[in-house]
Amino acid sequence: MKFTNGTWLPREGYSIHSPKEIFEVERKDGSLTLYAPSTKQTGRASSVDSGMLTIRLSSPAPNIISVRIDHHKGTRNRDAAFRLNARNVVPVFAETEDEYVFVSGSTEARVPKSGDFSIRFLFNGRVLTSTGQQGLAYITDKDGRGFIRERLELDVGEHIYGLGERFTPFVRNGQSVDIWNEDGGTDSDQSYKNIPFYMSSRSYGIFVNHTGRISYEIGSECPSKTQFSVPGESMEYLVFGGETNRHVLTLYAELFGRPSLPPSWSFGLWLSTSFVTDYSEETVLEFVDGMIERGIPLSVFHFDCFWMKGFEWTSFLWDQERFPDPAGLIRKLHERGIRVCLWINPYIAQKSPLFQEGLDGGYFVTTGAGDVWQWDRWQAGMALVDFTLPIARGWYQKRVDDLIRMGVDCFKTDFGERIPVADPFYGAGAAKDGIVYHNGSSAESMHNMYAYIYQEAVFEMLEKRLGKNNACIFARAATVGCQQFPVHWGGDCPSSYAGMAETLRGGLSLSLSAFGFWSHDIGGFEDGCNPDLFIRWLQFGLLSSHSRLYGNGQYKVPWMYGEEAVEIAAHFTRLKLGMMPYLFSAAVESSTLGLPILRPMFLEFPNDETCQMLDRQYMLGPSLLCAPIMNDSGTVRYYVPKGTWTNILTRDRIEGPCWRSEKHDYFTLPVLARENTILVTGKTDDTTEYDYLDSVTITVFELSDNRRVSVDIFSSDAQKSGCVRATRKDKTILIETEGIKGSCRLMLTNIFRIKLASQGVPEVNEWGTMFVFNAGKLQIELL
């Protein structure tokens, strides 16, 4: 939202009131309060007819500084609130000759004692950003509506990332962004998952603690500033300081919740009915058996909307004509080793048998006139479950629980973006009499928050019934905190190479808000997928944390795209399942630190400026670089950071830094292991559910001299752990394992001349030297 007409003038209809100086400072209860009038105080008369902003500095956790701005504090707050895991922080207050200093951990705010208004933010003495006279402001429009606006300095060459899932260019500079969940598809500037947290290439983050609409102008209205504004009389933002952006992201995850660990079976291949295709029990079993017969390991079968009758979503009742024995069908799928996922949404259509029950119980969101809010978009006469009413939440959870008891393993918690508002200022769906939630929260603040309370209710029931680390949903909408309820997928994307690219941009952007687990529709959601696109998207999809075959009006079973697609589906599914020890270790890291499995390059290589702009490649966990092929020529151009890298599929060695142009058949693409990586793979490739600590293969890539590296490995239930260490000193390499059992295979890449080994007989091939040894310790002397 733009307020100015060029550098000096406000836009017509707006009045801008900026603080001119710090009039007084007050230290109290672990906070530093600044009183900043909008006129220069040249004498006693200056305090008359002058507005003032009250700015309170505090700290919810170490290295994080809260900036709370109030214009008129008497305005009643009816907004929903994000849930913070705040800690008891004792900040440090200091004064220099010229400044007041507020310190939390290594992050500090500095305020001048005299002169023009400003606040500088630093980490370990390094300036992060700052605000000043033309930054912070209270603004009114022609209708008297108020806004708080902040502008923070953008340094030369500084890049801004994040703000949730966004499909526009990965670097946010130059963009206008509204934090407002919309069902707009991926080929738009709208987003299903809006998160008011951005990250800078200068290793800091800014979070705006507001649940309603937030408008950002990122180097757009003012090229040297990152601007954000909210309607109303107050605003709070948090400044995260860190050594690196990895550090910043872990601070964010600690404050707003780390991802839960999904069950290991969820990392396998998911197959769905697609959306409007024709299907029944016979279709489902035909597809599942077709996958098994063709040697494509399948982990989950997903039933989309039409497991229920049309016009009745959501009823939680199977369409008996097409699925006469749902419990028996679930049993047949379980006997084949397949988990079951069902589609649901938080809307109850008027034709649903549950509608009258919800109406009589008062379980739906209402208007200010006391009527149930309804409209005909998506489902005729649909109402919205009010999850802020405990009895309504329990009523919905009971239906979920009934299906879990039937044998359903997880749910696709679709939608949650089309949430009504009370004021047309906020967009379509406004109710003229207002919108009422049981907890009294305003409709505008609940619009984005609804995704959280909906997904939390379903995830909570799954976790209660199935146990910790066994709950999994497949969600589209999100807000702050939803990362705790994995998995989220990218939404409705075009079936095109451009659709693949924008999907990846969305996933990279979302990952910077601690969403550790992410998926997308292989082949694209929209119709028009051809065999080449399907195969290239298969490669990308099976090199993501979660992998699902799904579409709109097209089935996505591989054999409908040719026999070669069947081969590729089997090949890359088995590649992924074999890498489960590595992937699940990255998953545990995500659940303990908040670092995503799919990572932007700059997150792993903060000192490489080229990595700051890359959005067509990514790191899969800490050690593997992936560059999907997004054209029908099989060509790819990608960047390799400094070091010696090895393509795990072709065995090519690459010295970085460099740009690479390559051409690949359907069985390969750039999947590069960085030097000094220990890649542990498993003993099987036909399921995700095996012992990741038994009879593993250990590949050590380009181990440097005088280097010691290690990796932790976890069992598929995350209850046990093991460790592999590799040390190289002069001519000696020592491999040690703990918690690993059985006979292990070791591959040392690019090492060909062995003098002797403490156990096992070396076998030399074109890749390096391989050993078979009993878990424990293996010492190797090189020639």
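**Notebook: pocket, rings and a small sheet**

I started with the lining of the largest pocket: its residues split into seven nonpolar, 12 polar and 11 charged. Note to self: this is a predicted model.

**Pocket, continued.** I looked up the volume next, and the largest pocket holds about 800 Å³ of space. The lining counts 30 residues, and those closest to the pocket centre are N77, D79, H210, P231 and S234. Then I asked which elements supply at least two lining residues each. I got β7 (64–70), β21 (234–241) and α6 (443–466). Strand β21 gives the most, with three residues.

**Aromatic pairs.** I pulled up the ring pairs and found 59 of them in the structure. I picked F540 and Y618 for a closer look: their ring centres are 6.1 Å apart and the planes meet at 55°, so I logged the pair as tilted. For that call I needed the cut-offs: planes under 30 degrees apart count as stacked, over 60 as edge-to-face, and the rest as tilted. The two residues come from distant parts of the chain, with F540 in helix α8 (residues 531–541) and Y618 in strand β35 (residues 618–620), 78 residues apart. Buried or exposed, I wondered about F540 and Y618. Both are buried.

**Aromatic cluster.** I also noted one cluster built from F275, F306, W313, W343, Y347, W378 and F415. That makes three Phe, three Trp and one Tyr by name, all listed in the one cluster.

**Arginines over Trp rings.** I checked for charges sitting over rings and wrote down two cases. R294 lies over the face of W559, 3.9 Å from the ring centre. R548 lies over the face of W489, at 4.9 Å from the ring centre.

**Sheet.** Last, I traced a sheet of five strands. It is open, runs in the order β40-β41-β45-β48-β47, and has mixed pairing. Why do β40 and β47 each have one side without a neighbour in the sheet? Strands β40 (677–681) and β47 (763–764) stand at the edges and each has a single partner strand, so one side of each is left without a neighbour there. I followed β47 to its partner: β47 pairs with β48 (residues 768–774) in the antiparallel sense, over two bridges. For V764, I found the bridge partner in β48 to be T769.

Terms used. Residues numbered from 1 in each chain as written. Predicted model: local features only at pLDDT ≥ 70, side-chain atom pairs only at ≥ 80, totals over all residues. Heavy atoms only, no water. Pairing = 2+ DSSP bridges. Helix = DSSP H or I, 4+ residues; strand = E, 2+ residues; numbered from the N terminus. 1 Å grid on protein atoms, 1.4 Å probe; cavity = no way out; pocket = protein on both sides within 12 Å on 5 of 7 lines; lining within 4 Å. Points joined across faces, edges and corners; volume = space filled by probe spheres on them. Nonpolar A, V, L, I, M, F, W, Y, C, P; charged D, E, K, R; others polar. Phe/Tyr/Trp six-rings, centres within 6.5 Å; stacked < 30°, edge-to-face > 60°. Buried < 20%, exposed > 50% of the residue type's maximum accessible area, 1.4 Å probe, protein only. Lys NZ or Arg CZ within 6 Å of the ring centre and 35° of its normal.
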